[in-house]
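Trainee: Got a minute to go through this one with me? I have a few short questions.
Mentor: Go ahead, put it up.

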Amino acid sequence: MSHLKSLKSKVLLILMGIFVLCGAAEYAIHRLIIYPSFLALERDEAQKDLERPVQALKREIHHLDSLAHDWSTWNNTYKFVRAPFEDYVRSRPILFAMLKDSVNLIYICDTDGRVIWSKVYGLETAEELRLADFPKYEMPTAPPLMTPKTGSGPISEVSLSGIFMSDFGPMLIASRPILIGYSKGPIRGVFVIGRLLRDYMVKDLADQTHVDFQIIPIPTGAVPNVIKETMNRITPESPYWIEVESDEHLQIFTTFPDIKGDAALLIGARVPRKISARGYSTIRFILIATMASAVVVLIVIFFLLQRIILEPITNLTYHAFSVGYSGDLSTRSPMHRPDEIGVLAMGFYEMV
């Protein structure tokens, strides 16, 4: 009987070994193949989340450019540059536009660079501001704000817009040539309009995009090490840098250029890791369900082996030992099976 117990143990160990190997293979497949796909999907969604505030900032610049286009193609603006008249300013449409459209800066210059009219306005303080980059009597030369006609396209499409780093921080700025109507020249001058990028604007954009992000101006001089390390990881080939903050959140960064094409803003977002958490829960549920099914299958297989193979062999073994101990060769085993075990029982019967 010791041999029979050993056979049962071997069968049980083999089944348990198969169970463990299948479980390990299942875990490896989910951990090394399926779960990384959830992580890649999570990173793609994080990029899309950060792209929303980037596109929202571009829309704000586009809106400012459209506003500059409307003002630069107004006939009264063209006449005002050619021969300034008080009614253009006295009617205060520009100050009204500042308050209505949250505009901080308006610059009207002729083609020689002379400032015909300018206003730099603090919306929070309702007072005039002074910007070193925008002198009062002469068009600034540091920021490339003049928009001469270039290329073969219509002059109504000539524009320059983007981010300009001013004394008071980042400024959304747009510059358009002053024309008659929408396409008639010649260019009389340039109309510049700007809006300071304040914290409340960033908050409004965050509410619109439903993304928890922040905008960090990149200093022109010495850059802090934290910002420098992040910027070094952002390249034209890989414009986003993602790092794991915790099991619950990712941090993703990208840069936004100024009107000269240099990196001016570092935009970062804190994104919840919902996809990886859901993927982990799904994989854990699948593993538990698979292991539970495997246990059931293991029990069924062992039960069938017990009934089909081990139990008949047990009966035949008892019969063999009984004949051996009693010496009664007339005893017959009541086993009639059309398989190998039945053939073995018949051979034993014929032998005795």
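Trainee: Which residue follows helix 5, and what is the sign of its phi?
Mentor: His210 follows helix 5, and its phi is positive, near 60°. Helices here are DSSP runs of H or I with at least four residues, strands are runs of E with at least two, and both are numbered from the N terminus. This is a predicted model, where local features need pLDDT of at least 70, side-chain atom pairs count only at pLDDT 80 or more, and totals for chains, interfaces and linings use all residues. Residues are numbered from 1 along each chain as its sequence is written, and side-chain values use heavy atoms, with hydrogens and water left out.

Trainee: Staying with helix 5, which residues are buried?
Mentor: Met201, Val202, Leu205, Ala206 and Thr209, in a helix that spans residues 199–209. They sit on the same side of helix 5 because they cover an arc of only 140° around the axis. The arc is taken from the directions from the helix axis to the C-beta atoms. Buried means under 20% relative accessible area, exposed over 50%, and partly exposed in between, with a 1.4 Å probe and protein chains only.

Trainee: And what is exposed on the other side?
Mentor: Asp199 and Lys203 are exposed there.

Trainee: What about helix 2, which residues are buried?
Mentor: In helix 2, residues 75–82, the buried ones are Thr77, Tyr78, Phe80 and Val81. Their arc around the axis is only 160°, so they lie on the same side of helix 2.

Trainee: Switching to strands. How many residues of strand 1 are buried?
Mentor: Six of its six, over residues 105–110. Leu105, Tyr107 and Cys109 cover one side, and Ile106, Ile108 and Asp110 the other.

Trainee: How many bridges join strand 1 to strand 2, and how do the two run?
Mentor: Five bridges, and the strands run antiparallel. Two strands pair if DSSP finds at least two bridges between them. Val115 in strand 2 is the bridge partner of Cys109. The two strands form a hairpin with four residues between them, and Gly113 in the turn has a positive phi of about 90°.

Trainee: How many bridges go from strand 1 to strand 6?
Mentor: Six, also to an antiparallel strand, residues 184–196. Leu105 stands opposite Gly194 there.

Trainee: How many disulfides are there?
Mentor: Zero, counting a disulfide as a pair of cysteine sulfur atoms within 2.5 Å.

Trainee: Is Cys109 buried or exposed?
Mentor: Cys109 counts as buried because its relative accessible area is 0%. Cys22, at 49% relative accessibility, counts as partly exposed.
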